[in-house]
Each structure stands twice: as structure tokens, then as C-alpha cells.
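This report follows the strands and helices of one protein chain, going from pairing to packing. Please keep the sequence and the structure in view while reading.

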Amino acid sequence: MAVPEPNAPGTPFTGAGIPLCEPAIRGNEWRYIKECLDTNWVSSVGSFVDRLERELAALIGTQHAVVMVSGTAALHIALLVAGVQPDDEVLVPALTFIAPVNAIRYVGAWPVFMDVDTQFWQIDPQKVQGFLKHECVWRNGALWNRSSGRRVHAILPVHILGHPVDMDAITEIARQYELIVIEDAAEGLGARCRGRMVGCFGNVAALSFNGNKIITTGGGGAILTNNEAWARKAKYLSTQAKDDAVEYIHQEIGYNYRLSNIQAAFGVAQLEQLERHIAAKRRIARAYKDVLTDCSGIRCMSEASWAYSTFWMYTILVLEAQYGMSSRGLLRELGLVGITARPLWRPIPESPPYRNCQSYHCEVAQRLSRDALSLPCSVGLEPAAQQRVIEVILSAK
Ligand SMILES: *Cc1c(COP(=O)(O)O)cnc(C)c1O
């Protein structure tokens, strides 16, 4: 059978191919970007930069937001302003997109991998507590990892797939052990934990506006914090650490991590549509769940009683023994009819750069990595297209 071409960006769904997760550009994007072009405010400062920062902070409920060129850059800057030092250790889930782990290495610190929970697939507070209690020791006013001899300085929870981490549990653990909390909310924008938006719990948080995220600027990110000094430092570091408006004076090593006014204009328009995007994602999630819940061997993504999930990336588990086919088998079947699905990430400790880093009992991450499959869930996914995906899953085995 011939494999149909995936839809080109911007072309309406024709039944030929169903992409995994496409941007939806249906608001004031053209108008705001045109305004940048017409006024010549196209580069690294401008009213849309200020407006996006104001609106993000207001939405999440933090004092400050500072926009960046990517989510990865935002994580890098977040770790720097939080004072994470070379040879410090940072606790991070084993099951995540790799960006936050790379950012930990950018500042010379080391990841220690924690497992995720079986129900909601987020970093498991109980195992984090177990690690801190059994593997670490207080000495000279700091927490030390017994086996590595390094200082444990921070925890970096990652809200994956649109579902929040249990931030009340993480925040309580961080308080007990005096850890800094750096939230990776790149996949969590709009999700809530006990009524509060993710991104407001940590000492600092990072967002991403990459093309597949719930809102996009083409590429972009932001940090969120209530700490005014950190926010100012983030702006400074992302602007080449420029100390003087006229003379080229730099007291520190800086970065060119600023988001352009054009991208910020894109972001302001997208942010106006966030609620609509979330409503679409939740509708898609419900439609998958209504049918697939009764399919033997398929386990649907769930939402904790204390959580409001955006269902940013709809993901199922394919239990091979019951379903009769592995997640990778189903991935191939879907691919044959032009439907793009995708496995979750391989556990990061299995990646060559991180093989020598410590992991603390990450069995669940391994199992999920084997069984999970993300399904088409673009904001613009047509019901007929979704029905087609469901039919293939029901009939493939
Ligand atoms: C997308 C993503 C990032 C990085 O964002 P970029 O904007 O692509 O650099 C970081 N963390 C997680 C969990 C992500 O999904």
C-alpha cells in the first residue's frame, strides 16, 4: 500500500494523512506580526515583548515573566538565576523530553534520575522522598548525596503531556530538604494543580512556545518567577549581560537568548486562543477515552482528581499481552495508513551522555517508554479524522 503524504502545513485536512500535533493559527497572528513589520519593531525589543511578558505573568499568577528564544534557553537561564552550581545535583524525572536534562549539564551540574508514577506518569514524590531520606545526608548546612559525594541543590519537576505534577507534594519535600524548585512547564501551560496554574509553584519555571506546544511562537520560551532580582538577572543574562546602555561593558558571560518582537506578537495572538486550544484538546481526549476505554489492552491517559489537565499530547498505553500487538507494532500499523503516532521518550538514563549518571529505581519510566504511544491530537483535528485513528486502533490487533 502506498503511504500517503502528510498534509503540508496550512492545507486543510483532506483525509490523506493525519499528523501528530500541528499548530493552530486562527487568531490575530497576521495582524500583530504585520504591525511589527509596518512599524519596524522587528527585533529584540518592542511592545509585544513587554505585552507577552505581562500577560504570561498575569495568567500564571507570578510577579514576573521574561521571554526567551526557546524553552531550552529558558531552562538554562532558570538554572543560572537559581544559583545551581557546577557539580551540584538536580533531581529530574527519567521520563521526559531531554531538554531540561541537557540544561542541567549546561551549568555543569548533574542530573539524578527519579522515577515517575504509574497513574499519571509524572515524577513520583514518594520515590523522591525515599531517595532524599535513604540516599542523602545533612552536613554543614547542606544536603549531600552519599554515593556521589555531591551536594543536592534543586529539584526539577517536568509536567509531562499536559498533566500537572503533584506540586503540593513536591513543594513540601523541597521545603523539608531546602531544595530549590525549578518547574519545567513547557508541556503544562494551562494545566492546574489543585486550582493553581503550573508555573507558579516553583522558585522559577520555564515555558516553551515551540511549534508542537499548546501555543507557539514558531520557537520561543519564557521564565516565570516571583523573585524580582532573578527576573532582572534573567533579562540581563539573555541580553549578553550588557551593563551599560551605550558602552559595551559586560561583568559576566551572557547569552543572546532574547525573543524577537515578531515572535512575541505571534505569542500574544496565540495566548488569546489558549483557552480554545485547551478546550479542543480536552474534547479530543474525551472522544478517545469514550471508545478506547473499552478496548482490551489499551489504557487511556487519566486525570487526577486534584488536577486539571490540558491533555496537550494524548497518549495511550498498549499492553501487548492483552492487545495482541506492541506499541511499536501499532505505531507501524497507523503509519501504513498515513496516521502519525509517536512513542514516548526513551528513559534519559539510557542515552549515552547520561549512562553514568545515577538513577533511583526508574522501573515505571522504563515500562511506560515501552508501552506508550501518543496519538494525533492537533487542536484542528477533525472528528472524522479522529474516528479514523480510533478505527485503526480497534481493528489493528
Ligand atoms: C519542548 C520542551 C522543552 C524545550 O523547549 P524548546 O522550546 O523546544 O527548547 C523543554 N522541556 C519539555 C518537557 C519540553 O517538552
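## A parallel pair: β2 and β6

In strand β6, A154 is the bridge partner of V90. This pair belongs to the junction of strand β2 (residues 89-93) with strand β6 (residues 152-155), where the two strands run parallel and are joined by 3 bridges. The model discussed here is a predicted one, and its mean pLDDT is 95, with 96% of the residues at 70 or more. A reservation applies to residues 1-15, over which pLDDT stays under 50 and for which the model has 19 contacts beyond four places in sequence.

## From β6 to β7

Strand β6 is also joined to strand β7 (residues 180-184), again in the parallel sense, through 2 bridges; in this pairing I155 stands opposite V181 of β7. The two strands are part of a β-α-β unit that is made by β6, α6 and β7 and is right-handed.

## The eight-stranded sheet

In what order do the strands of the open sheet of 8 strands follow one another? The order is β1-β11-β10-β7-β6-β2-β3-β16, and the pairing within this sheet is mixed. At its edges are β1 (64-68) and β16 (359-360), each of which pairs on one side only. An antiparallel part of the sheet is the junction of strand β10 (residues 204-208) with strand β11 (residues 221-225), which 4 bridges hold in register, and there L207 stands opposite A222 in β11.

Two helices lie across strands of this sheet. Helix α3 (residues 71-81) lies across β1, β2, β7, β10 and β11, and its direction makes an angle of about 170 degrees with β10. Helix α4 (residues 99-106), for its part, lies across β2, β3 (110-114) and β7, running at about 150 degrees to β3.

## Packing of α5 against α6

The helix of the β-α-β unit, α6, also has a helical partner. Helix α5 (residues 125-135) and helix α6 (residues 167-177) pack with their axes 10 Å apart and at an angle of about 10 degrees. The two helices, α5 and α6, are therefore roughly parallel to each other, since angles under 35 degrees count as such.

On the α5 side the contact involves P125, V128, Q129, L132 and K133, and these meet A169, I170, I173, Q176 and Y177 on the α6 side. By residue class, the contact of α5 with α6 divides into 7 nonpolar, 2 polar and 1 charged.

## The β4-β5 hairpin

Strand β4 (residues 136-139) and strand β5 (residues 142-145) run antiparallel and are joined by 4 bridges, with W144 in β5 as the bridge partner of V137. The two strands form a hairpin that has 2 residues between them, and in the turn N140 has a positive phi of about 50 degrees.

## The three-stranded sheet

A further open sheet consists of 3 strands in the order β9-β8-β13, with antiparallel pairing. Because β9 (196-197) and β13 (307-308) stand at the edges and each has a single partner strand, one side of each is left without a neighbour in the sheet. Which residue of β13 stands opposite C193? That residue is A307, and the pairing of strand β8 (residues 192-193) with β13 is antiparallel and extends over 2 bridges.

Notes
Residues numbered from 1 in each chain as written. Predicted model: local features only at pLDDT ≥ 70, side-chain atom pairs only at ≥ 80, totals over all residues. Heavy atoms only, no water. Axes fitted to C-alpha atoms, helices over the stretch in contact; angles between N-to-C directions. Parallel < 35°, antiparallel > 145°, perpendicular 65-115°, else oblique. Contact = heavy atoms within 4.5 Å. Nonpolar A, V, L, I, M, F, W, Y, C, P; charged D, E, K, R; others polar. Pairing = 2+ DSSP bridges. Right-handed = clockwise from strand over helix to strand, strands pointing away. pLDDT = per-residue confidence, 0-100.
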